[in-house]
Amino acid sequence: MSAKLRKRNRHDTNPGLVFVTPGASQGLFAVMQSVANPGDEILLPGYHWPIHLQQSLLAGLRPRCYPLDARRRPDLEALDRMAGDRTRVLLVNTPSNPTGAVYEREVLDGLLALAQRHDWTIISDEAYEDFVFAGEHVSMAELEGDLPAEQRRVFTVFSYSKSFAMTGYRLGYVAVPDAARGATLQVVEEASILSSPTPVQYAGLAALDAMDDVAINRELVRTARNSLAPLVSAGLLDRLPEGGWFALLDVGALGVGAEEFAAGLLDSEAIAVAPARGFALRPEVDATGTVRSVDADPATARQLRVAFCGLPASVERAARRIAECASALR
Ligand SMILES: Cc1ncc(COP(=O)(O)O)c(C=O)c1O
């Protein structure tokens, strides 16, 4: 794994700093447990994978969402202003679920500079690293590679589920910044899972010898992603997603709410899409860590997430039908 990290991610590390985990999910969970002091704040992207939010709360962290600009990149000035006494962790996810944005190197440089200035730990979720269709995937850890290990701050989380289509195996890995942070993560892992199952780890080793299959997988998803073009023509999507498996549609101009549009698609077309509300929740957490209320970013009332990781022909058919339903409503 460390050889892959060096070659593919330009992250010069060693096997002692890489943890094999039952999926990226458990890796993320364990990292949050290992860095969190109850009451500390974690900064999550305005649109995030809901599990990031749930894991933050389970770790006793208080989540706060940082705004994204019109291209779904972090608004660095706003993020800078969010720094407070208890702010400790910054979560970055590129390629992004649910927005499909792929952050450029300059954006990641800006995020790292902010984290260094405010002494934040970075959790970089790179589960979709192999699905980039415009631009390139840059690993956050590469950018701090010239620092001594003890001055590094990036935990990077990877998954076998996407690149190798091995979701059911539950396999992922975490690269930690240095041995001290690794020792704390080891305590969490020993107290929760001990280790990932050995047969699954052998399956993961075999997968690393089949990198050509990753390219085949990516090209399938790229074909499916390109077939979302009717959604762009229909004005539901401003551009094709740059990476990942998902895109956010805006149905605001159709005079119908996202939930209603999604329910209609399911009923009449058997097409499942996810109203965006659940990807932009803003919980109010009090001093004891209790969640007092949960609102969502109001913009999500008109947004939906579509997944394009299915068979290209099915995705193409669904995209065409969604565009037709939209034009019938206009
Ligand atoms: C952003 C992101 N990170 C991590 C994961 C989880 O990956 P795994 O199956 O390895 O737990 C997902 C799965 O949907 C995801 O969207």
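The legends below describe close-up views of a predicted model, covering the ligand, the pockets, the cavity and some details of the backbone.

**View 1. Residues around the ligand in the predicted model.** The shell around the ligand is made up of 13 residues, and those that come nearest are Ala24, Ser25, Asp125, Ser159 and Ser161. Sorted by class, this shell holds six polar residues, four nonpolar residues and three charged residues. Helix H2, which spans 23–35, and helix H7, which spans 160–163, are the elements that each give two or more residues to the shell. Of the elements, H2 gives the most to the shell around the ligand, namely three residues.

**View 2. Polar side chains facing the ligand.** The side chain of aspartate 125 places an N or O atom 2.7 Å from a nitrogen atom of the ligand, and Asp125 is also listed among the residues that come nearest to the ligand. On serine 159, a polar side-chain atom lies 2.6 Å from an oxygen atom of the ligand. The side chain of lysine 162 likewise has an N or O atom 3.0 Å from an oxygen atom of the ligand. The ligand taken alone exposes 400 Å², and the protein buries 93% of that area.

**View 3. The second largest pocket, where the ligand sits.** The space that the ligand takes is the second largest pocket of the model, and the volume of this pocket is about 190 Å³. It is lined by 15 residues, of which Ser25, Trp49, Ala127, Tyr128 and Lys162 are the closest to its centre. H2 and H7 are the elements that give two or more residues to this lining, and H2 gives the most, with three residues. By class, the lining of the second largest pocket divides into seven polar, five nonpolar and three charged residues. Lysine 162, one of the residues closest to the pocket centre, is the residue whose side chain has an N or O atom 3.0 Å from a ligand oxygen atom.

**View 4. The largest pocket and its lining.** The volume of the largest pocket is about 280 Å³. Its lining consists of 21 residues, and the ones closest to its centre are Arg72, Leu237, Asp238, Arg239 and Leu248. Strand E8, which covers residues 246–250, provides the largest share of the lining, with four residues. In terms of class, nine residues of this lining are nonpolar, eight are charged and four are polar.

**View 5. The enclosed cavity.** The structure holds one cavity of 30 Å³ or more, and the largest cavity contains about 60 Å³ of space. Its lining is formed by Lys4, Glu129, Asp130, Ser159, Tyr160, Ser163, Phe164, Tyr173, Leu208 and Met211. Five of these lining residues are nonpolar, three are charged and two are polar. Serine 159 belongs to the lining of this cavity, and a polar atom of the serine 159 side chain lies 2.6 Å from an oxygen atom of the ligand.

**View 6. Two cis peptide bonds before proline.** The peptide bond that joins threonine 94 and proline 95 is cis, with omega of about -10°. Proline 95 lies in the loop between strand E4, residues 87–93, and helix H5, residues 105–118. A cis peptide bond also leads from asparagine 97 to proline 98, where omega is near 20°. Proline 98, too, is found in the loop between E4 and H5.

**View 7. Backbone of arginine 10.** Arginine 10 is not a glycine, and yet its phi is positive, at about 50°. The residue is found in the loop between helix H1, which spans 2–9, and strand E1, which spans 18–21.

Note on methods:
Residues are numbered from 1 along each chain as its sequence is written. This is a predicted model: local features need pLDDT of at least 70, side-chain atom pairs count only at pLDDT 80 or more; totals for chains, interfaces and linings use all residues. Side-chain values use heavy atoms; hydrogens and water are left out. A residue is near a molecule or strand if one of its heavy atoms lies within 4 Å of it. A polar contact is a pair of N or O atoms within 3.5 Å; within protein, one must be able to donate a hydrogen and the other to accept it, and residues adjacent in sequence count only if both atoms are side-chain atoms. Accessible areas come from the Shrake-Rupley method with a 1.4 Å probe; for residues, only the protein chains shown count as cover. On a 1 Å grid over the protein atoms alone, a cavity is a set of points where a 1.4 Å probe fits but cannot get out, and a pocket is an open set with protein on both sides within 12 Å along at least five of seven lines; lining residues have an atom within 4 Å of a point. A molecule sits in a cavity or pocket if more than half of its atoms lie within 2 Å of its grid points. Ala, Val, Leu, Ile, Met, Phe, Trp, Tyr, Cys and Pro count as nonpolar, Asp, Glu, Lys and Arg as charged, and the others, Gly among them, as polar. Grid points are joined across faces, edges and corners, and a volume is the space filled by probe spheres set on the points.
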